[in-house]
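Welcome, and please open the structure in your viewer. We will go from stop to stop, selecting a few residues each time and looking at what is there.

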Amino acid sequence: MAGVNQSQQLFIQAMMTQGALLEADVKQLYHSVLSGYGIESSDEKSFDSFLTSLNHHLKLLDMQIVHSLMEDSYERWYGLVNRSADPGAKIATRYTLAELEFFNKVMETLATENGMASSTVLINMTQGLERKMTGSGAQSFLTSLIKSKWLREISTGKFGAGPRFVLELRPFLSDIFKEDVVICQLCREAVVRGDICGSEGCNIKLHLLCIARFAQGREKESSSTPCTRAPEQRRNASVKRVSIKCPGCHGDWTSDLPQIDFPGKKTDHPGITLSDQ
């Protein structure tokens, strides 16, 4: 790639191999790559500048390093994605026709069923496929999707959208699934996991993090109770109840949210962020 130095080339190769990396891991990769070439890389500004420079070159290939917060765990993930290819093209060369058909069914279920489904539900979908796939084959394929970070196992037998789903597919969800995908009225991004307004007849759905951002500075915490969510789904050991006005019906909306130590900038939300912004 013209204009890209050796350290940048090594960083890109590592990102392509990993598919997606947690923020701490991508920064460790950055420091390791630069230190190998004797380059000082001590502060956050140098990391941001490094990505800005990289993305300037990657745009020529219709690629970009992007990052996003997971909707339930609030972990930040980074990935190198193809911005021009349609979702099918992103994975078509990796799977058989039966696997590709099953993959599309799995992704559709996660996009339209609040971002989570049991292994039983997913495996049973093979019965409706045009191309045959055995139950054991489906189970093995789901395991491979976890390893490649398209899926993640939320709890035993429960699967949710993985970081690559969020980074690579979420920008396309509205185009693919049309009315089946709900748009968060606060950030205008597709909602996979979220909370729904409790008012009768109102179907507004918002990201949990967007609710927390909206409530911050407007409503005081009204109660705190022990958290019942799994450790990977919370920021600490308690939840807080927040009250907002629904942006749709303007009725009262109460949500129990994990305590959030807001990561990054105040403008963070679960949508895709280009790393050169």
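The tour below visits three helices, then some backbone turns, and ends at a cavity. Keep in mind along the way that this is a predicted model.

**Stop 1: helix α1**

Select residues 6-18, which make up α1. This helix has 13 residues, and from its first C-alpha to its last it reaches 18 Å, close to the 18 Å expected at 1.5 Å a residue. Now colour S7, Q8, F11, I12 and M15, the buried residues of α1. They sit on the same side of the helix, because they cover an arc of only 135° around the axis. Turn to the face pointing away from that buried side and you will find Q6, M16 and T17, which are exposed. To see what lies over the buried residues of α1, show β1, α2, α3, β2 and β3, which are included in their cover. Before moving on, click on G19, just after α1: its phi is positive, at about 80°.

**Stop 2: helix α2**

Next, select residues 23-36 for α2, a helix of 14 residues. Its end-to-end C-alpha reach is 20 Å, close to the 20 Å expected at 1.5 Å a residue. Which residues of α2 are buried? Highlight V26, K27, L29, Y30, V33 and L34 to see them. Looking down the axis of α2, you will see these buried residues within an arc of 155°, so they line one face of the helix. On the other side, A24, S35 and G36 are exposed. The cover over the buried residues of α2 includes α1, β1 (21-22), α3 and β3 (76-82). After α2 comes G38, which has a positive phi near 70°.

**Stop 3: helix α3**

Move to residues 44-58, the helix α3. Its 15 residues should span 21 Å at 1.5 Å a residue, and its end C-alpha atoms are indeed 21 Å apart. Select F47, F50, L51, L54, N55, H57 and L58, the buried residues of this helix. Their arc around the axis is only 155°, which puts them on the same side of α3. The face turned away from this buried side carries the exposed residues K45 and H56. Add α1, α2, β2 and β3 to the view, since the buried residues of α3 pack against these elements.

**Stop 4: two residues with positive phi**

Follow the chain into the loop between α3 and β2 (63-69), where D62 is placed. D62 is not a glycine, yet its phi is positive, about 60°. Is D62 buried, partly exposed or exposed? Its relative accessibility is 42%, so D62 counts as partly exposed.

Now jump to K149, in the loop between α7 (135-147) and β5 (151-155). K149 also has a positive phi, of about 75°, although it is not a glycine. With 18% relative accessibility, K149 counts as buried, because buried means under 20%.

**Stop 5: the cavity**

For the last stop, look inside. How many cavities of 30 Å³ or more does the structure hold? There is one, and the space in the largest cavity is about 90 Å³. Select M70, E71, R152, A161 and R193: of the 12 residues that line the largest cavity, these lie nearest its centre. The elements giving two or more residues to this lining are β5 and β6 (158-161). Colour the lining by class and you will find five nonpolar, two polar and five charged residues.

Key
Residues numbered from 1 in each chain as written. Predicted model: local features only at pLDDT ≥ 70, side-chain atom pairs only at ≥ 80, totals over all residues. Heavy atoms only, no water. Helix = DSSP H or I, 4+ residues; strand = E, 2+ residues; numbered from the N terminus. Buried < 20%, exposed > 50% of the residue type's maximum accessible area, 1.4 Å probe, protein only. 1 Å grid on protein atoms, 1.4 Å probe; cavity = no way out; pocket = protein on both sides within 12 Å on 5 of 7 lines; lining within 4 Å. Points joined across faces, edges and corners; volume = space filled by probe spheres on them. Nonpolar A, V, L, I, M, F, W, Y, C, P; charged D, E, K, R; others polar. Expected span 1.5 Å × (residues − 1). Arc of directions from axis to C-beta. Contact = heavy atoms within 4.5 Å.
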